[in-house]
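Subject: Structure for your review

Dear colleague,

Please find below the structure I said I would pass on to you. My notes on the findings follow directly after it.

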Amino acid sequence: MIGKICGTGSGIPVKIMDNDDLSNMVDTNDAWIRERTGVEKRHIAESESTVSMAVEAGRQALAQTGIRPEELDMIVVSTMSPDAVLPCTACEVQKAIGAEGAVCFDLQAACTGFIFAYNTAQAYIQSNMCRTVLLIGSERLSRLVDWTDRGTCILFGDGAGAAVLKAAEGRAYLPAFHSDGKRGEALTCDRYIHMDGRAVFQFAVTRVPEVIREVLTKNELLMEDVDYFVLHQANRRIVEAVAKRLRQPIEKFPMNLQEYGNTSSASIPILLDEMNRSGKLKKGQKLVVAGFGAGLSWGASIVEW
């Protein structure tokens, strides 16, 4: 048995901050931000919290499947911005939705977090320890941004995305994932997020194509077998560079970072939810989902819709 995604959801803050709003806070402008990042706006949590966004995304995903919260065996939340250290975000989600039978824990791998959480859920399902798992990536990064630092405040936004995995017959695909703690200083967060932009860019445009080739080789697939490459939404230039290095058309690399900015571990599930609800995803399509970020960590997995 494998875990098949059978439902998706999102929890997006109401408030929108566009680039013109930022230009009133730091020395920047809309054209400068768009050219360097592709970001046009981002959603900022005001009344929303990491938990409330996660709950909304989880409820939407469950509603799409018809699965009741009581049927969940596990809830895994990937977040680097929890509302509190204890109790974990996943337990707060469990309480809010009434998933009393689910075991719950959080996972912290920053922007690679949803990929690692997906692989974790697959391991539990394939070993027959669980049958139904709710995965959520939820981030309130606006709490961790120095709004006087134009190098980082232009990049990040808040939001949550979710997917329900249910045991089903199908092919089990091997993941490819890595970490390099020696390079961790390139992207850190004590009180605020600090980033060596050049180092992170070079890391991403090198390692992401490598790990995509690796996961395809592991599973004896070709580039042409992949319908979409769903990458962590960090920067338009990174996505375009990865597409170029893989010699694949940019149309196979969907993007929504222009609307949300970088939402860390929430970015991939939010994008999957948009693709799912718009009808872009069809049964049997193969996706490569790839995350990269702090740690430094990076990874890719094959998802068959």
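**Salt bridges and one buried asparagine**

Glu-35 and Arg-36 form a salt bridge in which the closest N and O atoms are 3.6 Å apart. Arg-36 counts as partly exposed, since its relative accessibility of 30% falls between the limits of 20% for buried and 50% for exposed. Please bear in mind that the model is a predicted one. The count of salt bridges in it comes to 11, and two further pairs are described here.

The first of these pairs is in helix α2, which spans residues 30-37. Asp-30 is joined there to Arg-34 by a salt bridge, with 2.9 Å between the closest N and O atoms. The two residues stand four places apart in the helix, so about one helical turn separates them. As for solvent, Asp-30 is partly exposed at 22% relative accessibility, and Arg-34 is likewise partly exposed, at 39%. With a cut-off of 20% for burial, the 22% of Asp-30 places this residue in the partly exposed class.

The second pair belongs to helix α10, residues 267-277. Here the side chains of Asp-273 and Arg-277 meet in a salt bridge, at 2.6 Å from N to O. These residues, too, are four positions apart, about one turn of the helix. Their surroundings may interest you: Asp-273 is buried, with a relative accessibility of 4%, whereas Arg-277 is partly exposed at 44%. Returning to the helix α2 pair, salt bridges with shared partners connect Asp-30, Arg-34 and Glu-40 in one network.

The remaining notes concern Asn-219. Where is Asn-219 found? Its place is the loop that runs between helix α7 (197-218) and strand β11 (228-231). Asn-219 has a relative accessible area of 3% and is therefore buried, the limit for that class being under 20%. A polar atom of the Asn-219 side chain lies 2.8 Å from the backbone oxygen of Val-215.

Which residues is Asn-219 in contact with, once its neighbours within four places in sequence are left aside? They are Arg-171, Ala-172, Tyr-173, Leu-174 and Ile-302.

I should be grateful if you would look at these sites in the structure above and let me have your comments.

With kind regards

Technical notes
Residues numbered from 1 in each chain as written. Predicted model: local features only at pLDDT ≥ 70, side-chain atom pairs only at ≥ 80, totals over all residues. Heavy atoms only, no water. Buried < 20%, exposed > 50% of the residue type's maximum accessible area, 1.4 Å probe, protein only. Polar contact = N/O pair within 3.5 Å; in protein donor to acceptor, adjacent residues only side chain to side chain. Contact = heavy atoms within 4.5 Å. Salt bridge = Lys/Arg side-chain N within 4 Å of Asp/Glu carboxyl O.
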